[in-house]
Amino acid sequence: MEYLLLIVGLALILFGANFLTNGSTVIAQKLHVPEFVIGLTIVAVGTSMPELVVSVLSALKGESSVAIGNIVGSNIFNIFAIGGVCALITPIALTRNNIRRDIPFGVFTSLLLLVMTLDVAIWGAEEDSINRIDGIIMLLIYIGLMAYSIRKGYREEKARASGATPQGNVLIAVLSIAGGLAGLIYGGNLFLEEAIAIAKAWGVSESVIAITLVAGGTSLPELASSVVSVVKGHSGMALGNIIGSNIANILLILGISSTITPLAMGGITLFDIMMVLLGSVLLFVAAYTFRSRELDRVEGAIFISIYIAYLGLLIF
């Protein structure tokens, strides 16, 4: 029965991703907002809801290592696994704004996470943690980023608007987004619950489950929506989803969770945090290697190989 529910959860995720992508594309056209900004905001935050629920509930229950491990593992999965898979399907073009603004901010966010988890080394604290002040700082930065991105994106699209009439019905698009998010969240939760139950039955440790299955499970909406976006020819939305989800995971979700209660690092190590930073840096480096301004198939294969190696180190 667990395996059947696992398949049902995956199906809901895939259908939800399709509805979400279609609805978001229509809204982007109607509002004259670039696909990347829609991916950075609506899609990224919507598909990050499973991470939000898991991390906040974990924080409330005092399971801080699960709250942090979920975010760290999700960000690693987003860059290396999702980015790699999307690039294998079709090379992802990187715009000037991606290279000069969006990806560097992703690197900054990862560096911020690293600094905020080095309390012992920097401040001489008794243990490494993300406290309430850290959380408030993260939330303020996230609010500022969203306001800037939406305003900037709207101006850029308005400046180059061609006057063509956007296609699609707004009401249907909104209902499609709502239904898609519902399918993603419910399907993601169902898949996650059954995956954890199966993993425990196999005797896998909870620490490994937190940073692999829990993180991978809550990142399935990002995987599904990004892959569907790429297949439909909207690689800008896929890239925005990946970067936006990582930024939302750190600034929004960890910000909320650590504001509720300080989060001790527990079993999450410096190596795990460095993997998050490595992913952001490699995404930036990809813009200048092989074929410039593009995450190509070779780089996608490298990303996936790095993720498999990381999982191997965790498990064995």
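**Group meeting: a walk through the predicted model**

Let's start with Glu294: setting aside its neighbours within four places in sequence, this residue is in contact with Pro91, Ile92, Ala93, Leu94, Ala286 and Glu299. Contact here means heavy atoms within 4.5 Å. What you're looking at is a predicted model, so local features need pLDDT of at least 70, side-chain atom pairs count only at pLDDT 80 or more, and totals for chains, interfaces and linings use all residues. Residues are numbered from 1 along each chain as its sequence is written, and side-chain values use heavy atoms, with hydrogens and water left out.

Back to Glu294, which is found in strand S4, residues 294-295. Is Glu294 buried or exposed? Glu294 is buried, because its relative accessible area is 14%, and buried means under 20%, exposed over 50%, and partly exposed in between (1.4 Å probe, protein chains only). One of its contacts is Ile92, and although these two are 202 residues apart along the chain, their C-alpha atoms are separated by 5.5 Å.

Okay, the overall picture. The chain has 13 helices and four strands; these are DSSP runs numbered from the N terminus, with helices being H or I of at least four residues and strands being E of at least two. Of the 316 residues, 52% count as buried. If you take the contacts with a separation of 6 or more, 84% of them are between residues 24 or more positions apart. On the outside, the chain exposes about 13900 Å², and carbon and sulfur atoms supply 69% of that. Those accessible areas come from the Shrake-Rupley method with a 1.4 Å probe, and for residues only the protein chains shown count as cover.

Staying with the surface, there's a nonpolar patch of about 320 Å² made by Val53, Leu57, Leu60 and Ile260. To be in a patch, a residue needs over 30% relative accessible area and no salt bridge; like charges are joined within 9 Å, and nonpolar side chains (Val, Leu, Ile, Met, Phe, Trp, Tyr) within 5 Å. Helix H3, residues 49-60, gives the largest share of the patch, three residues. Ile260 lies in helix H11, residues 235-260, and counts as partly exposed because its relative accessibility is 33%.

Now, salt bridges. How many does the structure hold? Just one, between the side chains of Asp102 and Arg101, at 3.0 Å, N to O. The rule is a side-chain nitrogen of Lys or Arg within 4 Å of a carboxyl oxygen of Asp or Glu. Asp102 and Arg101 are both buried.

Next, the empty space. Everything runs on a 1 Å grid over the protein atoms alone: a cavity is a set of points where a 1.4 Å probe fits but cannot get out, a pocket is an open set with protein on both sides within 12 Å along at least five of seven lines, and lining residues have an atom within 4 Å of a point. Grid points are joined across faces, edges and corners, and a volume is the space filled by probe spheres set on the points.

The largest pocket has a volume of about 710 Å³. It is lined by 25 residues, and the closest to its centre are Glu63, Val66, Ile196, Ala210 and Val214. Which helix supplies the largest share of that lining? That's H9, with seven residues; H9 spans 206-218.

As for cavities, there are two of 30 Å³ or more, and the largest has a volume of about 90 Å³. Its lining is 13 residues, with Gly106, Val107, Ile243, Asn246 and Ser280 nearest the centre. H5, residues 96-116, H4, H11 and H12 each supply at least two of the lining residues, and H5 has the largest share at five.

Last stop, a few buried residues in the helices. Val276 lies in helix H12 and is buried, with a relative accessible area of 4%. Beyond four places in sequence, its contacts are Val72, Asn75, Ile76, Ser110, Leu113 and Ile250. Val276 and Leu114 are 162 residues apart in sequence and 8.9 Å apart, C-alpha to C-alpha.

Then Ser226, in helix H10, residues 220-231: its relative accessible area is 0%, so this one is buried. Outside its neighbours within four places, Ser226 is in contact with Ile82, Cys86, Ala238, Asn241 and Ile242. Met237, found in H11, is buried too, with a relative accessible area of 1%. Met237 and Ser226 are eleven residues apart in sequence and 7.4 Å apart in space, C-alpha to C-alpha.
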